[in-house]
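Colleague: I have a few questions about how the labels on this model were earned. Could you take me through the reasoning?

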Amino acid sequence: MATELQSRTQPSPSRAASCGGILIENVSRTYARAGSRVEALDGVSLRASHGEVLAVVGPSGCGKTTLLELLCRLQPPDRGTIRCPPAALMPQRDLLLPWLSAVDNAALALRIAGVARAPARDRATALFAEVGLAGFEHVRPGELSGGMRQRVAFVRTLLSGKPVLCLDEPFGALDAITRSEMQEWLERTLAREARTVVLVTHDVEEAIVLADRVAVLSPRPGRVTAQLDVHIDRPRTRTDSAVIALREEALGALEAGRSR
Amino acid sequence: MSSRIERAAPAVLLALVLLGAWELYVDLAGVQADLLPAPHGVARALWENAGLLARNFAVTAEEVVLGLGLALAGGFVLAVAIHMSPLLRRAVYPLAVGSQAVPIPVIGVLLVFWWGFGLFPKLVVIALICFFPVVVTTVDGLRAVDPDQPKLLRTLDATRWQAFRFAELPAALPAALSGARIALAVGVIGAFIAETTTPTSGAYPGLGREIITDVNFQTSRAYAGTVVLFAFAIVCFYALALAQRRLAPWSAQPQGDPH
């Protein structure tokens, strides 16, 4: 989709260019919690090529967040292999730092990478206009609405310059209207930024509207029960008949995985 | 401005009521002035000894401010060390608690032997008395950082130091300042203890020693000095509250702030 529109804003082409694709093969992950063993993922295989949006849907507790943490190297898999370029995480809760202004939060990755404050702010400010946050640069997160906070968190993820973005329920906490606005906005942004995206959501429609492929996971332990390619022209809306048809298919796969 | 007066009104009214009750009690019960001077006697002593009290107060104020600074710096560094190293935590915490039970006169002579009659041993005494609340609140503040925050910073390639600098340090700042306000509440009495346990070579010994000297034969002057310390503690407390709002404006207003 977006490969012909090369990244305008992005740094570190060296890291991003070579192979932005993701390969997950037969990955399992079990961890101990409160004395018992929790099987989060069992034999999961997925792939996404450079610039693709892969959505992962499934019931809560199916190991979606674990999958993202594996991709971001926050934990290792017990079995299987993962090939993934450096990935940045946008966690379910925005985790903005309350003492930094919105623009300083967005520029956090740059500051960590050693960029001085002023140029880091300039780069974040440039993106603020594009995400509809112009004028809110110096407001602290506590005074921003939920949708604005999510956008700040997204800009922070984007500015990390990593070729892979792992988005964990990015719009989960938003009301329906803000949510669809944010989806359109994400769509436009991704059309400009050639990034590989793994989008975790429990909203099947959101997955179909945004993704090139939708992987359906079963309840814990998470297994891939279906993979649906989304060949629908963008921009898509929830009411497109093709979206609705695919949604029924995905919901069917979810249901089948649940009763298995 | 008027709202500020409104906010101060309850405290001023209560103080006036208490002063009136004190005056009446001394007057009606016929209490002798060397046992409990009446407020008007204390006020007169304050007026007549203003110069002497002011010079002694300058000494004490310097001790309190610098001693508290030392306690804040030392307490903060210790808290960070305890936070970073579980080993240090297990080793140091019990000793830090125990140190609060040490009666200062026991070590007063040693402090003078090490550092002489000057300002420094007094600062050490004040810091010893004040550092503990700073350690406790700062350690708690450092631990209260959202556990997912370090994860996020790791995905942004932050080093341990950067995680500290960007997440933990600012998170602990309001807690450390709250600790400083608790420390301050004991800091003024700490200065009194410091002055009375380590001798001084200065021209003015400080309010604490002045009060001890006066308490038997110049009772009203001892009370006048006490009034100065009383007011000083209040001013310092609210100055710190103000500093907290300036330095950590994102933090919620803790109780006791001048709103």
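Modeller: Gladly; what follows goes from the interface to one helix, and please keep in mind that this is a predicted model.

Colleague: Why is the pair B:Lys151 and A:Glu69 called a salt bridge?

Modeller: The rule asks for a side-chain nitrogen of Lys or Arg within 4 Å of a carboxyl oxygen of Asp or Glu. The side chains of B:Lys151 and A:Glu69 meet at 2.8 Å, N to O, so the pair fits that cut-off. The count between chain A and chain B is four salt bridges, and nine residue pairs are in polar contact across the interface, both residues at pLDDT 80 or more.

Colleague: What makes up the side of chain A that touches chain B?

Modeller: Strand 5 (87–90) and helix 4 (108–112) of chain A each give two or more residues. The largest share, four residues, comes from helix 4. By kind, that side divides into 12 nonpolar, one polar and eight charged residues.

Colleague: How extensive is the contact between chain A and chain B, in residues and in area?

Modeller: In residues, 21 of chain A are in contact with 19 of chain B. The area buried is about 1,900 Å², and carbon and sulfur atoms give 63% of that.

Colleague: How do you know that the length of helix 7 of chain A agrees with its residue count?

Modeller: Helix 7 (residues 176–192) has 17 residues, so at 1.5 Å a residue it should span 24 Å; the end C-alpha atoms are 25 Å apart, which agrees.

Colleague: And what do the buried residues of helix 7 pack against?

Modeller: Their partners in chain A include strand 3 (53–57), helix 5 (117–130) and helix 8 (204–210). Among the buried residues are A:Met182, A:Trp185 and A:Leu186, each under 20% relative accessible area.

How values were computed: Residues numbered from 1 in each chain as written. Chains lettered and ligands numbered in written order. Predicted model: local features only at pLDDT ≥ 70, side-chain atom pairs only at ≥ 80, totals over all residues. Heavy atoms only, no water. Contact = heavy atoms within 4.5 Å. Buried area = accessible area lost by both parts, 1.4 Å probe. Polar contact = N/O pair within 3.5 Å; in protein donor to acceptor, adjacent residues only side chain to side chain. Nonpolar A, V, L, I, M, F, W, Y, C, P; charged D, E, K, R; others polar. Expected span 1.5 Å × (residues − 1). Buried < 20%, exposed > 50% of the residue type's maximum accessible area, 1.4 Å probe, protein only.
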